[in-house]
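Q: Got a minute to go through this one with me? I'd like to start with some strand pairing and then jump around a bit.
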Amino acid sequence: MAEQEASGLKVLLSTLQSSQDRDVILNILSVLADLFSVGTDRRIHYMISKGGSEALLQALVNAAQTAEPDYSILLPLLRLLAKVGQRDRKFGQRVQKLEAIDVTLSLARKNLGHHLHLIHCLWALRVYASSVTAGTTLGINGAMELLFKVITPYTKKHTRTVRAAIEALAALLKSKSNSRRVVHRGYLCGLLRLYQDWHQSDISNSYIHIRRGLLLCLKHITNIRSGRETFRCARGMEILFATVQDCLASKSLDSIVTTVTQILRKCYPKESLPLATASSSFSFSPPGSISFQSPRSGPEDESEEDGEEEVEKDFDNDDPENKEEDDDLETDVNKLRSRPGLDRPEKELAQYEAMCPELSHDFQELESESEDERGSEDVLRSLPFTHPRVIPSAAFMQQQCGRGKDQNTKGPRPEPAERAFKAPLKGPEKDGKCISAQTTENKTTGDSAQNADGLCEEKGSARSCGLMLRPLPKDASWDAKTFNAQCVSYCSPSPAGEVGDLDVGKGHLERRQGNIPFHRPHLYMAKAGSTKSVPDYTFLALSDFWGHEPPSYCQSMLERKYAVQRAKIFDDIRRLIQPGDVIGRVVFDLEEPSPSSLDAPDCLKFFSKFESGNLRKAIQVHGFEYDLIMNADVNSSQHHQWFYFEVSAMKSAVPYRFNVINCEKVNSQFNYGMQPVMYSVKEALQDKPHWIRVGYDICYYKNHYRRRAAATGTTQGKSYYTLSFSVTFPHKDDVCYLAYHYPYTYSALMAHLDMLAETRNPKKVFYGQQTLCQTLGGNPCPLLTITAMPESKSRNDLEQFRNRPYVVLVARVHPGESNASWVMKGTLEFLVSSDPIAELLRKCFIFKIIPMLNPDGVINGNHRCSLSGDDLNRQWLAPSPLLHPTIYHSKGFLYYLRSIGRAPLVFCDYHGHSQKKNVFLYGCSIKETLWQAGCPVDTAVVTEHVGYRTLPKILDKVATPFSMSSCSFLVEKSRASTARVVVWQEIGVLRSYTMESTYCGCSHGLYKGLQIGTRELEEMGAKFCLGLLILQLKSLPCSKKLITQAAALLDLEEEIRDFQTQRNS
Ligand SMILES: [Zn+2]
């Protein structure tokens, strides 16, 4: 049957090509037209596969080349061609080959006055033009001139023909050579005028197709540089901007507004950021390097002549990080299976023995006296961690290395801190931290600064830290008394009488005492005093000082308002075409502490020179609108994403708009319901010390600022992106902080660790804090040990104690991922807690935790890198002891564990993910990688334990924000030097993970539709631990006693029985 059909069709088509008989041809054409008038495209595709396009084209050429062309044949032929051509991917080639282009063009020329004939030719031409080569030939042969003649001047006669001609022209202009020709001939102005005419006369919106067609012509022409220039010269920006204002109200005109927006965005002249250089305001000379050269940037030119038209949707859902995933997969089985040797001399590993005091400590202190008589202090003192030990520092390593290789090194190198900081250090204190009590800023901030300063001069911990609280603005008479009194109470925990009238403050303080678990302001201040920063911070952010506790409520994701992005883009364009309305006043500049307009009235005040702060510049654009520029990572000119700054002197009940104009990622969760966070000091004083999600009219889009090619590491400059949001502050003259995500500073970590050590039960919790190494910036990188104290010093108990498997957890290698720190905080608090599950966990494992792998990055407000300007999570393959000490020693420590046969059971590196929702794990699997890449997997050669999937499966069940479906176990080439892959491959840890936590919120489960807060992040950290316990029960050897205990606790009896059966089978 099918064969009969096929042969029937073949006969029909060959007859069509060769027949001279008019009736035969007309019959065949009418059969074909009937055939295609119903049914699906499959019929057409079938005909194309049988040579249908060629047959029709041949018939066209035959019919057109007669002396008296027969339009009763030509018209149905042209209609069929237009229909079939759209679906034939090789139509362009066929048109060229059969020379149908000239034939159709000349038919059109002959029929300029005959609209029925002409429109048929135009339909065919439009389809021809969808092929670039055919379109180019058409252009050379004068098609554009012809079409232009049809569409100009403006007339409402024969609008169908006009529409067909405009659509054919738009198709032709997809070819760049055609666009150039049109620009050269000066048609662009004509098109603009024509568009204006149609816009003005089409009051009832009956000719949207024509208007949109003209816009498409302009859109294609402006893909080329000369097109954009001509468009701007012809005042195209102003014309389109003015016309589109009439279209905004009607939803039926969306396609017009969208196209206009695309054209205007594309033609907006590209500029560089209003900065002398994109490089960070802070520079740091890493050991052994010549000083960092910051490339000075000149005016940015438009480098992308004929740049590919970028897809511009309102906002699209592509995850750029996943796009090239498959190309990126490691498919070399040998590489996947290899176990590289040590990256350092084996004898170096001996230094890490000191980091496992639990393996040698004899616990003589246990049972030496009756338990109750021993105070916790004594136990603490007797633990092995208080013994002094050599801390590997950059300088130490340099000496070590110098002995072997670098014989040129002469004399001792200066300490990293001396070498590193721009400003010479002043007056050293007993702990080695150098403080400058009076800085220029201190002098310039006026009375209130001295106020705060004066307060901190009181005796107590505040004085020894040398840091000052941020002063309140002069006009902030509100609550000043309360505020100051509380500051004093916090700065200087001395009897109230000494500092005068504290009645109000005391009230607050008493109410709040202990309100925020694991936070004490004066302890924070003291810790911050020892924190070393490149800019030598002298101020504390009040938000960090007062501390944060999550509000009692959850916050939903923000629903996106219709057309919010469009409105913002039009505002940007308005700035360009109405420059007189723009204030353009720099109100904050990190490099110029007192810009001339500092005292301008009705202007917000900004500040960011505090730990993790990173605002570089603020420019007032309109009365209540500010452009903000973030500082780049130290020694870098990129990685802008994180932001944290202080704002004050606001009015209440007024929407302020902020545009962060130098973002880099191509998309952001700010387009999908995420809000930034804010902390109001006034709210904090009213017992609401919360970072909360705020902001509305939020959107994230590509702007007209160009990143230099040099700064992007590519051959072409790229664009920056704007994050725009509006905030209405809760109080007048408040001091507020705005941030990308809940801040968590290094000083907060250090204070937090002190409190952990204090609050734990020393009889039960073996807790130790050591220093893994010093960072480049001279800050200690803490390494923690948490496990259960042995039950007694009996041999059996000590053996059980020492033989517990290790779990190694690390976090915050990327400083902008503060969510990772909150998850880690949850893990730590849970692990030292008296929760019976935590007790059990401590008996199962020895936890080794490095809670902040990149302290310097966190301190200095970086988003991605360390002080050397390197992404530390791309250094694990060959970390440098000089440049990447925390990674070098973390890896060394893991090597050491492996060398004594104690490679960790689980390794997990906590991160934050900016493009996805939920919490999930990345792991490593050879087989899954090969399968995903479509490689054959020889299961005889590649054997793999599937245990890597167990933990994420458990977390999927026990941790609300966790999502198994987001997990991936693929080994990507681009991730070859990450902690996860290197620890899996080199240390041989099967369960080596990256845990990614969303910045935004959850898309499933109990938290669906909610933004994530610190409570949920901390909960995740605790649930991760629970997951480890279940992992232990489920798939690892453990005692009956443990199983029984766990079963009682977890209410998992049935499941536990399952585990046992599984294990026994
Ligand atoms: Zn990360």
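Q: How do strand 9 and strand 10 pair, and over how many bridges?
A: They run antiparallel, with three bridges between strand 9 and strand 10 (residues 691-693). Keep in mind that this is a predicted model.

Q: Which residue of strand 10 is opposite Val677?
A: That's Arg693.

Q: What about strand 13, how does strand 9 pair with that?
A: Antiparallel again: strand 9 and strand 13 (residues 735-739) share four bridges. Met678 has Leu738 as its bridge partner in strand 13.

Q: And the faces of strand 9, covered or open?
A: Both are covered. Val677 and Tyr679 are buried on one side, and Met678 and Ser680 are buried on the other.

Q: OK, switching to the metal. What coordinates the zinc ion?
A: His814 and His911 each give ND1, and Glu817 gives two OE donors, at 2.1 to 2.3 Å. Along the chain, the donor spacing reads H-x2-E-x93-H.

Q: What's the geometry of the zinc site like?
A: Irregular, since the angles among the four donor atoms go from 59 to 148 degrees, and tetrahedral would need all of them between 85 and 135 degrees.

Q: Are His814 and Glu817 buried or exposed?
A: Buried, both His814 and Glu817.

Q: Next up, helix 37. Why call it largely enclosed?
A: Because seven of its nine residues are buried; the helix covers residues 836-844.

Q: Which residues of helix 37 are the buried ones?
A: Ile837, Ala838, Glu839, Leu840, Leu841, Arg842 and Cys844.

Q: And what do the buried residues of helix 37 pack against?
A: A mix of strands and helices. The strands are strand 14 (765-774), strand 15 (780-788) and strand 17 (846-850). The helices are helix 36 (818-832), helix 43 (1014-1035) and helix 44 (1040-1050).

Q: What happens at the start of helix 37?
A: Asp835 has a side-chain oxygen that comes within 2.8 Å of the backbone nitrogen of Ile837. Ile837 is also one of the buried residues of that helix.

Q: Last one, Ser131. Where is it?
A: In the loop between helix 8 (115-129) and helix 9 (132-140).

Q: Is Ser131 buried or exposed?
A: Buried, because its relative accessible area is 15% and the cut-off is under 20%.

Q: Which backbone nitrogen lies 3.2 Å from a polar atom of the Ser131 side chain?
A: The one of Ala134.

Methods: Residues are numbered from 1 along each chain as its sequence is written. This is a predicted model: local features need pLDDT of at least 70, side-chain atom pairs count only at pLDDT 80 or more; totals for chains, interfaces and linings use all residues. Side-chain values use heavy atoms; hydrogens and water are left out. Buried means under 20% relative accessible area, exposed over 50%, partly exposed in between (1.4 Å probe, protein chains only). Helices (H or I, at least four residues) and strands (E, at least two) are DSSP runs, numbered from the N terminus. Two strands pair if DSSP finds at least two bridges between them. Donors are N, O and S atoms within 2.8 Å of the metal (3.2 Å for Na, K and Ca); water is not among the atoms, so sites may look incomplete. Four donors count as tetrahedral if all angles lie between 85 and 135 degrees; four count as square planar and six as octahedral if opposite donors are over 155 degrees apart and all others between 65 and 115; anything else is irregular. Contact means heavy atoms within 4.5 Å. A polar contact is a pair of N or O atoms within 3.5 Å; within protein, one must be able to donate a hydrogen and the other to accept it, and residues adjacent in sequence count only if both atoms are side-chain atoms.
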